[in-house]
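Take a moment to turn the model on the screen before reading further. The paragraphs below go from the whole chain to single residues, and each can be followed with the structure in view.

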Amino acid sequence: MRLRWQFIRSPALPESAQWSRLLGYLRPYRGWMIVAVVAMVIGAALGLVMPLAIGQMVNLITGDQTLPIGRIAVLLGGVAVGQTVAGLIQNYSLTFVGERVVADLRLAAYQHLQRLDLAFFEQRRTGEITSRITNDVTLIQSTVTTNLTTLLQGMIQLIGAIALMIVVSWQLSALALVLVPTLVLIAVFFGRWLRRISTTVQDRLADATSILEETVSGVRVVRSFGREPYEVERFRTAVEATFAAAMRRAWVRALFQPSMSLAVWATIIGMLVVGGYLVSTGELTPGNLVAFLFYAGIVAGSMGAFAGLFGQVQEALGAVARVFELLDQQPAVADAPDAIPLPPVQGRVEFRNVSFAYQRVENGHTAPIVLRNFSLVIEPGEMVALVGPSGAGKSTIVSLIPRFYDVQDGSVLIDGYDVRRVQMQSLRTQIGIVPQETLLFSGSIRDNIRYGRLDADDAEIEAAARMANAHEFICQLPEGYDTPVGERGVRLSGGQRQRIAIARAILKNPRILILDEATSSLDSESERLVQEALERLMVGRTSIIIAHRLSTIRRADRIAVIVAGELMEIGTHRELLTRGGIYARLYELQFRDPAPVLAVG
Ligand SMILES: Nc1ncnc2c1ncn2[C@@H]1O[C@H](COP(=O)(O)OP(=O)(O)OP(=O)(O)O)[C@@H](O)[C@H]1O
């Protein structure tokens, strides 16, 4: 199924504005474009000389010709060589411009993507975003280059050929004026029909592909429910639908070719009959008749090409609109124009009367408030554990510190600086995040740790890995630090990935640390290694932990109990227990429940 894009739509640009914007991308390469256009004009002009030369050759054979054969041969040879060279130059320069524009657009779109806020990514499917930067940009490539020049070339040839046809024989031209457009109309009719059916074939194929994708990535679900026969049946239905659509297309294609050749032959015969009559009356030389037929062919070819172009240009216009829409997407969270760099901080984090709701655009519903008048001050070097039921807003609270989202009310302050007043880069370099699930990028273990600080040398990486209790297991991998990880690399266990994340954070050396403790329990040895690494990491930093384990909570300087987006209690473990409130109840539950999880989330 194809979902519609859910971009926050800026008013769509009119087509002409999109064209001129697209042409803007050609501007840096106008030198190459000029070369291509000149080559194209020369090629088209030579193409128009060719029938004349062939006509002369025919006249020579039939004895109606005065030009010596040597001259004609040189002319024909020259035209052929000239056309080849012009074609070569045109192709190369056009490909160059096309590929450059694609590369520039892709880069611009990717750079823009990196500026967009997290909410943008959460509201869209990954495939849709990547498709804009890959498929849509590629579609544009042919428009900006080949299609534009084909149009230009076709026009030159069309006008030139019609003019020469009239010069050669006005009577035949009048006939052609009726016959050739009929031919083109037939081609256009079939072309449209074919395109419609082709779209259906593509849609059916996409249905089958999405079943394939879903069941490959969700193979565990399929197996665990024993749904293999069901999935095969689902796939079979989709494949058969594709087959049926493809056969309808085959039928139209099969009909297309003979009908077209019939129409072409009828046209040629018509012209030959009238032309033959004109030759017999001496009004036309045989060579001119041949030349005329060639020009008629060129006219038909150019008209057919225009018809084909129309569809392609429409398709490309859609792609252009989609790419520009992405480029025009404004980040909801961006540096203020007068943002200052955040100086190195001590690490005091303050939430001052914060109210927050996620802005969801697609349903038009008012987003529920997640945090209500939330205030909390965390002193430099302090370790605060956030606890509370699932969905209480713990992850939301920590995501406001690096300004992943902007608050609707109140403010988040770091060392007294409002996070909206400072440059995001300077803010985020001072914050380290160790998530529940660590994403490793494709590359080696070393590259993945270096992600914490790109200029770190090998010794620093190793030291960080040692502190994170990761050095030992890394050394046991087949290629040590150079072992590839990620999609096609080794698969690391949950505990190992966490220790890589900790090593990254150690290398980054941030003043403020955000930890989202993993909920899935590790085996006790792995747990001990992770805990030890975390403790080393937290020393001397402000740490905010979304805590799930009692051991972590006990160690915290203060525990903040969050329920439904509000701070219900705060204090040390002991204080909160003696208070006998929500925390005490949660703690009691903890003892009745053997799982070492306080906040289920
Ligand atoms: N990216 C998001 N977009 C929209 N709503 C969200 C988003 N993330 C969380 N929410 C909603 O905000 C509320 C708070 O979620 P949050 O993840 O902060 O809770 P939590 O206490 O961290 O829960 P858990 O322990 O289960 O992770 C929930 O109702 C959730 O549905």
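Two strands are said to pair if DSSP finds at least two bridges between them. In this predicted model, four bridges join strand β6 to strand β9 (residues 512-516), and the two strands run parallel. One of these links can be found by looking for glycine 432, whose bridge partner in β9 is leucine 513. In a regular strand the side chains alternate between the two faces of the sheet. In β6, Ile431 and Ile433 point one way while Gly432 and Val434 point the other way, and all of them are buried.

With that pair of strands in mind, step back to the whole protein chain, in which the secondary structure comes to 19 helices and 12 strands. The C-alpha trace spans about 120 × 55 × 50 Å along its principal axes. The radius of gyration of the protein chain is 35 Å, whereas a compact globule of 601 residues would have one near 25 Å. Of the 601 residues, 30% count as buried. Among the contacts in the protein chain with a separation of 6 or more, 81% are between residues 24 or more positions apart.

The UniProt record, an unreviewed entry, lists residues 31-54, 69-89, 148-168, 174-194, 262-280 and 292-310 under "transmembrane region". Two of these stretches can be compared with the model: over residues 148-168 the chain is 100% helix and 0% strand, with its end C-alpha atoms 30 Å apart, and over residues 262-280 the chain is also 100% helix and 0% strand, with end C-alpha atoms 26 Å apart.

Further along the chain there is an open sheet of four strands, in the order β2-β1-β4-β5, with antiparallel pairing. Which strands stand at the edges of this sheet? They are β2 (369-378) and β5 (417-418), and because each has a single partner strand, one side of each is left without a neighbour in the sheet. Inside the sheet, strand β1 (residues 349-357) pairs with β4 over five bridges in the antiparallel sense, and glutamate 350 has leucine 413 in β4 as its bridge partner. Strand β4 (residues 409-414) in turn pairs with β5 over two bridges, again in the antiparallel sense, and here leucine 413 has aspartate 418 in β5 as its bridge partner. Leucine 413 can therefore be followed in both pairings, as the bridge partner of glutamate 350 and of aspartate 418. The hairpin of β4 and β5 has two residues between the strands, and in this hairpin aspartate 415 takes a positive phi near 50 degrees.The next place to look is the largest nonpolar core, which has 72 residues; Ala385, Leu386, Ile502, Ala503, Ile545 and Ile559 touch the most other members. Helix α15 (residues 494-508) gives the largest share of this core, seven residues. Where does the core lie with respect to domain 3 and domain 4? Domain 3 (341-430 + 512-520 + 538-601) and domain 4 (440-509) both give residues to the core, so it lies between them. Leaving aside its neighbours within four places in sequence, alanine 385 is in contact with Ile545, Ala547, Thr552, Ile553, Ala556 and Ile559. Nonpolar side chains tend to be buried together in soluble globular proteins.

Three single residues complete the tour. Glycine 494 is found in helix α15, and this glycine counts as partly exposed because 17 other C-beta atoms lie within 10 Å, where 20 or more would be needed for a buried residue. Glycine 494 and threonine 237 are 257 residues apart in sequence, and their C-alpha atoms are 39 Å apart in space.

Is glutamine 430, in the loop between α11 (424-428) and β6 (431-434), buried or exposed? Glutamine 430 counts as buried because it has 20 C-beta neighbours inside 10 Å. Its contacts, apart from neighbours within four places in sequence, are with Leu342, Val345, Pro510, Arg511 and Ile512. Asparagine 509 is 79 residues away from glutamine 430 in sequence, yet the two are 7.8 Å apart in space, C-alpha to C-alpha.

Asparagine 469 has its place in the loop between α13 (458-467) and α14 (471-476), and this asparagine is buried, with 23 other C-beta atoms within 10 Å. Beyond its neighbours within four places in sequence, asparagine 469 is in contact with Arg499, Leu529, Glu532 and Ala533. The C-alpha atoms of asparagine 469 and serine 526 are separated by 9.8 Å, although the two residues are 57 residues apart along the chain.

How values were computed. Residues numbered from 1 in each chain as written. Predicted model: local features only at pLDDT ≥ 70, side-chain atom pairs only at ≥ 80, totals over all residues. Rg over C-alpha atoms; globule rule 2.2 N^0.38 Å. Buried ≥ 20, exposed ≤ 12 C-beta atoms within 10 Å, placed from the backbone. Contact = placed C-beta atoms within 7 Å. UniProt positions renumbered as here; feature names shortened; annotations may be inferred. Core = buried A, V, L, I, M, F, W, Y, C linked by C-beta atoms within 7 Å. Domains from an automatic or database assignment.
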